[in-house]
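Here's a quick briefing to read alongside the structure. We'll start with the ligand surroundings, then look at the overall build and a couple of helices.

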Amino acid sequence: MIRAQQKPLVEIESLIGQAKNVLVLGCGTCTAVCLAGGEKEARTLAAALRVSAQIKGVQREVRHSLVQRQCEPEFVREVEEEALWADVIVSLACGIGCQVMNERYPERLTVPGVNTCFLGAPIEHGVFDERCQACGDCILHLTGGICPIARCAKSMLNGPCGGSQHGKCEVNPSNPCAWQLIYERLLSLNKLELISAILPAKDWRSARDGGQRRIVREDVRL
Ligand code: SF4
Ligand code: SF4
């Protein structure tokens, strides 16, 4: 899932500016799961904005609401009345949800209340690690199910780089060396021959270097 972190209150207030009617809009999917932008976080942020406005003597009404998936236009239709009431909408969804809101309600400004960070997985409660960089050409079948693009600091396709110490990455020793993990995993799968096969240079055209990407499913297109 997409992982995000809420922006500091002072930054969110600066994005709101002089707006009188503010809607804090949470998302019930990715940012809810990573505790950055679900119903509870939207309610808490709205309360904090109200208190801050009172302390500063700013005339402002702050409401909060939630859509299950802010990244899909049909879901954000559910909050049309509240969206059109607001001068500014603070989106607690990922950057996709914030953009969908701006596209669906162009007469209103939707600002980001979170920083969208990466595609990741929870490794313990409240801790999320990056797992995928959406490169568009998945090679997990060659690397024991461990992504060297997202998890190796140098995104090496033919690792390790030679700098790892005691199984830790030389770039950030608090992280395991991805290629050490790949080695151990391939060993346990009895597929160690895969690590000595030279992977050819990756065709990065499927990644995002060519600009915005698009998937078209002609079989379901209307
Ligand atoms: S190889 Fe590419 S698609 Fe597969 S997990 Fe890694 S970054 Fe994601
Ligand atoms: S130490 Fe391992 S994870 Fe770090 S850059 Fe080198 S190969 Fe990649």
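Ligand 1 sits among Cys132, Gln133, Ala134, Cys135, Cys138, Ile139, Leu140, Cys147, Ile149 and Ala150. That shell comes out as 9 nonpolar residues, 1 polar and no charged. Keep in mind that this is a predicted model.

**The second ligand**
- Around ligand 2 there are 15 residues, and the closest are Cys152, Cys161, Ser164, Cys169 and Cys177.
- Sorted by class, the ligand 2 shell holds 10 nonpolar, 3 polar and 2 charged residues.

**Overall build**
- The protein chain has 9 helices and 7 strands.
- Its radius of gyration is 22 Å, well over the 17 Å that the globule rule gives for 222 residues, so the chain is more spread out than a compact globule.
- Along the principal axes, the C-alpha atoms of the protein chain take up a box of roughly 65 × 45 × 25 Å.
- Buried residues make up 31% of the 222 in the protein chain.
- If you take the contacts between residues at least 6 apart in sequence, 55% of them link residues at least 24 apart.

**Helix 3**
- Helix 3 covers residues 39-56, which is 18 residues, and spans 26 Å from its first C-alpha to its last, close to the 26 Å expected at 1.5 Å a residue.
- Which residues of helix 3 are buried? They are Glu41, Ala42, Leu45, Ala46 and Leu49.
- Looking down the axis of helix 3, those buried residues fall within an arc of 135 degrees, so they line one face of the helix.
- Flip to the other side of helix 3 and you'll find Lys40, Val51, Gln54 and Ile55 exposed.
- The cover over the buried residues of helix 3 includes strand 1 (2-6), strand 2 (21-27) and strand 3 (61-67).
- After helix 3 comes glycine 57, with a positive phi near 70 degrees.

**Helix 8**
- In helix 8 (residues 178-188), the buried residues are Ala178, Trp179, Leu181, Ile182 and Leu186.
- These buried residues cover an arc of only 150 degrees around the axis, which puts them on the same side of helix 8.
- Leu187 and Ser188, on the other side of helix 8, are exposed.
- What do the buried residues of helix 8 pack against? Their partners are helix 7 (148-151) and helix 9 (193-196).
- Asparagine 190, just after helix 8, has a positive phi of about 60 degrees.

Methods. Residues are numbered from 1 along each chain as its sequence is written. Chains are lettered from A and ligands numbered from 1 in the order in which they are written. This is a predicted model: local features need pLDDT of at least 70, side-chain atom pairs count only at pLDDT 80 or more; totals for chains, interfaces and linings use all residues. A residue is near a molecule or strand if its C-beta atom, placed from the backbone, lies within 6 Å of it. Ala, Val, Leu, Ile, Met, Phe, Trp, Tyr, Cys and Pro count as nonpolar, Asp, Glu, Lys and Arg as charged, and the others, Gly among them, as polar. Helices (H or I, at least four residues) and strands (E, at least two) are DSSP runs, numbered from the N terminus. The radius of gyration is taken over C-alpha atoms; the globule rule is 2.2 Å times the number of residues to the power 0.38. A residue is buried if 20 or more other C-beta atoms lie within 10 Å of its own, exposed if 12 or fewer, and partly exposed in between; C-beta atoms are placed from the backbone. Two residues are in contact if their C-beta atoms, placed from the backbone, lie within 7 Å. The expected span of a helix is 1.5 Å times one less than its number of residues. The arc is that of the directions from the helix axis to the C-beta atoms.
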